[in-house]
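Visitor: Before we look at anything, could you show me how each label in a structure is earned? I would like to hear the reasoning behind the words.

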Amino acid sequence: MKTLFLIFCFALLPTAWADGGREKYPSYTELAKQEKEGVDYKVEVDDRASCVAVFAIHGGTIEKHTDTIAHQIAQTDGSYYIFQGMKELEFWDLHVTSHRFDDPRAINLAHQSQTCVSVHGFVHTKPAICLGGSDDFLAHKVAEGLKGQPFDVIYPCTSFPGDHPENIVNRCQDAGVQLEYSSGLRKLFETRPALMKTISRIVKSISEAHCS
């Protein structure tokens, strides 16, 4: 087992953008005018008054397994917001970039929570997690906590920095950490579900300790 703890991102592309191409909608507001909730996508939101709120705004068919990962991190006591694409074809129509994702339900949950954890996916065959977000201290702590696991840990995440102030991960009171899971790692979870649970426990424990 080998973990690379890097201070820069090394040509991890092709990225998630290469998988889908140009976005169709400039915001969730515009998406909701054209796509039908309950048919094209669904939203799960539960405010459990926890200090950490977990987000997966590209779940379902968009960035596969990110919704399941978010549920694993939230467990039974954490707040969460999950947007799940339901289209099998043209699923990229449902991808709205994080700093333009303006569903009021997501924004309200973020504003009521101290720390955000946002789960995303990118395309790369090698198992890896790239850590970004505006809470550098938390991102560093999570990166340290993941060392020794059988995948690469990349921090800071220069390919996906997640530092835009309007990014949903930074709308919590103390901002948060953005976790980009490679397609290789998400594929690995299909045969090693215990690894997903281990990562999720580490992320949850460190994030809750950070905001307690």
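Visitor: Why is Cys211 called buried?

Guide: This is a predicted model, and in it Cys211 has a relative accessible area of 6%; buried means under 20%, so Cys211 earns the word.

Visitor: What makes Cys51 and Cys211 a disulfide?

Guide: Their sulfur atoms are 2.0 Å apart, and the cut-off is a pair of cysteine sulfur atoms within 2.5 Å, so the two count as bonded. Cys51 lies in the loop between β2 (41–46) and β3 (52–60) whereas Cys211 is in helix α7, so the pair ties together parts that are 160 residues apart in sequence.

Visitor: Why does Cys51 count as partly exposed?

Guide: Cys51 has 26% relative accessibility, and since buried means under 20% and exposed over 50%, with partly exposed in between, the value falls into the middle class, and therefore Cys51 is partly exposed.

Visitor: How many disulfides does the structure hold, and what makes Cys116 and Cys172 one of them?

Guide: There are three disulfides, and the sulfur atoms of Cys116 and Cys172 are 1.9 Å apart, which lies within 2.5 Å. Cys116 lies in strand β5 and Cys172 in the loop between β7 and β8, so this link ties together parts that are 56 residues apart in sequence. Both Cys116 and Cys172 are buried.

Visitor: Why is the disulfide of Cys130 and Cys157 called right-handed?

Guide: The torsion about the S-S bond of Cys130 and Cys157 is about 110 degrees, so the disulfide is right-handed. Their sulfur atoms are 2.1 Å apart, and because Cys130 lies in strand β6 and Cys157 in the loop between β7 and β8, the pair ties together parts that are 27 residues apart in sequence. When the bonded cysteines of the chain are numbered in sequence order, the pairing reads 1-6, 2-5, 3-4.

Visitor: How do you know that the length of helix α7 agrees with what is expected?

Guide: Helix α7 (residues 193–211) has 19 residues, which at 1.5 Å a residue should span 27 Å, and its end C-alpha atoms are 28 Å apart, so the two values agree. The buried residues of α7 include Leu195, Ile199 and Val203.

Visitor: What makes a residue such as Ile199 part of the largest nonpolar core?

Guide: Such a core is a set of buried nonpolar residues joined through side-chain atoms within 4.5 Å, and the largest one here has 33 residues, with Ile199, Ile73 and Leu179 among those with the most contacts inside it. Helix α7 gives the most to this core, with seven residues.

Visitor: What makes β8 mostly covered, and which sense does its pairing with β5 have?

Guide: Seven of the seven residues of β8 are buried. Strands β5 and β8 pair in the parallel sense over seven bridges, whereas β6 and β8 pair in the antiparallel sense over four bridges.

Visitor: The structure holds nine aromatic pairs; why is the one of Tyr81 and Phe101 called edge-to-face?

Guide: The ring centres of Tyr81 and Phe101 are 5.8 Å apart with 70 degrees between the planes, and since a pair needs centres within 6.5 Å and edge-to-face needs planes over 60 degrees apart, the name edge-to-face follows.

Visitor: What makes the pair of Phe122 and Phe160 tilted?

Guide: Phe122 and Phe160 have 40 degrees between their planes and are 5.2 Å centre to centre; because stacked means under 30 degrees and edge-to-face over 60, the pair is tilted.

Conventions:
Residues are numbered from 1 along each chain as its sequence is written. This is a predicted model: local features need pLDDT of at least 70, side-chain atom pairs count only at pLDDT 80 or more; totals for chains, interfaces and linings use all residues. Side-chain values use heavy atoms; hydrogens and water are left out. Rings of Phe, Tyr and Trp (its six-membered ring) pair if their centres lie within 6.5 Å; planes under 30 degrees apart count as stacked, over 60 as edge-to-face and the rest as tilted. Helices (H or I, at least four residues) and strands (E, at least two) are DSSP runs, numbered from the N terminus. The expected span of a helix is 1.5 Å times one less than its number of residues. Buried means under 20% relative accessible area, exposed over 50%, partly exposed in between (1.4 Å probe, protein chains only). Two strands pair if DSSP finds at least two bridges between them.
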